Amino acid sequence: MHSQYIAMLTVVGSLSGSEPIAVSDIAATLQQPQELQHNTLFTGRPATQLFVASRFVAKLRTDFVFQPQDAEKRALTAIALDRQLNAYHPEKTWFVWHTDDQIFIGNIAPRIHTFHSTLPELLQKKPAQALTLLAQLCRLYFSVAHESGFRLDEGLSNFGWTDAGAVYYLDDDRYQWDLFTSFASILAVWIRQLAEFSTEHADIFGQSLCGILLDVFQSPHKIQVLLGQLRYCIAVGGREQQCLNTISARLTKAAYPRRSDPQRAISVGPSQRAAADISASCDANVASPLAILADIHANLFALQAVLAELRVRQISRILVLGDIVGYGPHPRECIEVLKQQNAIIIQGNHDYAAASGDVSTGFSKLACWAIDWTRGVLTQDDMRWLAELPPYFQSDSWLAVHGAPMDKNYFYGYVYHMTYEANLDWLVQHQIALAFHGHSHVAGVYRREATGDSRCDSALQCFASARCALACPGSVGQPRNGKTAAEYGIFRPADATFELLSVDYDYQRTMDIMRAASFPPALYERLAQGR
């Protein structure tokens, strides 16, 4: 029987490109089928046939049957994809198995310790080693996501480790990277599976996680994104919730190292409030008006004009929806002015780009030019300040983002006629009645009423009848409504009203400074055109 198996096997190659696992070892392993069961040592899908020997584990995908001319080609493709992922044991070998009436492809790899079967006991006996291995799993997971754009299946049964401590992925499936959504959800599952996992372990693990995220992604923004996803984690038990809170606290310190309380409202776990209309959800403890500013874009004179109007109106509370810099000639001056205000300030995509140099998403050539110029005039302290701005803020009454509520990055997505319904759906799903946003540079409100969804551009609006709403104050420094005046809004929590306002400023003076600094004409001419 053994020689018969050998005759039916063709080794295609290993991931390392060196000596593949021998045909004799593959044949011997294929004679030891393993039944798959949930919550046992070996788990898997029914379509995967597993074979387990003392040294090797082999897999056949029985839902794929090939013609002779296609089987080896498919195996070579699988090897190329596995190498691209760079997550598997280098000895993993793909082969073709010819039966009497069918042809299958399969793979075989050295048998190693699986996380779901070994980690619980290891955490009890050798916690330091267990936590190190879990951190290595996370490093592998995030490295794959960053380098390939794929997400590994996060279940502990899909990862293993060798006696030497190397961690590898065991499953053959990979998915599109989802910006931490699945990872945030799996954290509570991992903690539940690891009965000995304590808040002390969570603190150590959280510290390791921060270092890994910064090392892999080279940006605190990704920690901020993960924190945002953790807001919606549902922990079954108190221990799990306490551990998630501890991990979140570590992440917060790493994302905002110079801010003792960057966001009072960042918390792990779902909101306990029932869905309610905006008038009922307004925070009665903070009834004073709130000025809403967005998209200042380094236009100092426009910012000064708005702040002067707020002083006349005796409004001291300010919310800035990001994009302090970019496009305009006074990034440093605008930062310094805002530091002196009683303001909640969140990060926009131009702020992030100016701090990180990352213009890979959504930046035109003109925007890239402006970011490059801006980085040339900002100090390191300016860039650190921009980098540490939170990408969202959530109070008891409302959410603030630069871009779109449903955008996991917070500052790339737009709210406009093609996306507002999906964003209103998101608000309903997350029990949020009101979201302020910028990014579009177009003032107005999208509302969801009992009668349906609509857009309203009225200067004064009352949200009392709205189930939820998306409110944009327009742009301070670069309005795009065909007008030149600096735009802003005032939210009055006491009566749930939102007023859209504007104030004239000397835009010609800004244009002259940009022209003298050799800005591209398109960047300053738009100030006179309101576009």
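**Strand 4 and the contact of helices 12 and 15**

Six of the six residues of strand 4 (residues 56-61) are buried, so this strand is largely enclosed by the rest of the structure. The model is a predicted one. The side chains of strand 4 alternate between two directions: Phe56, Ala58 and Leu60 point one way, Val57, Lys59 and Arg61 point the other way, and all are buried. The buried set thus includes the charged residues Lys59 and Arg61.

Strand 4 pairs with strand 3 and with strand 6. Strand 3 (residues 48-52) runs antiparallel to strand 4, and five bridges link the two. Three residues lie between strand 3 and strand 4, and the pair forms a hairpin. Within this pairing, Leu50 has Lys59 of strand 4 as its bridge partner. The pairing of strand 4 with strand 6 (residues 103-110) is likewise antiparallel and comprises five bridges. Here Val57 is positioned opposite Ala109 of strand 6.

A second element of the model is a helix-helix contact. Helix 12 (residues 331-339) packs against helix 15 (residues 380-387), with the axes 11 Å apart and an angle of about 60° between them. An angle of about 60° falls below the range of 65 to 115 degrees that counts as roughly perpendicular, and helix 12 and helix 15 are therefore oblique to each other. Their crossing is left-handed. On the side of helix 12, the contact is made by Arg332, Ile335, Glu336 and Lys339, which meet Asp381, Asp382, Trp385 and Leu386 of helix 15. Of the residues in this contact, five are charged, three are nonpolar and none is polar.

How values were computed: Residues numbered from 1 in each chain as written. Predicted model: local features only at pLDDT ≥ 70, side-chain atom pairs only at ≥ 80, totals over all residues. Heavy atoms only, no water. Buried < 20%, exposed > 50% of the residue type's maximum accessible area, 1.4 Å probe, protein only. Helix = DSSP H or I, 4+ residues; strand = E, 2+ residues; numbered from the N terminus. Pairing = 2+ DSSP bridges. Axes fitted to C-alpha atoms, helices over the stretch in contact; angles between N-to-C directions. Parallel < 35°, antiparallel > 145°, perpendicular 65-115°, else oblique. Left-handed = near helix turned anticlockwise from the far one by under 90°. Contact = heavy atoms within 4.5 Å.
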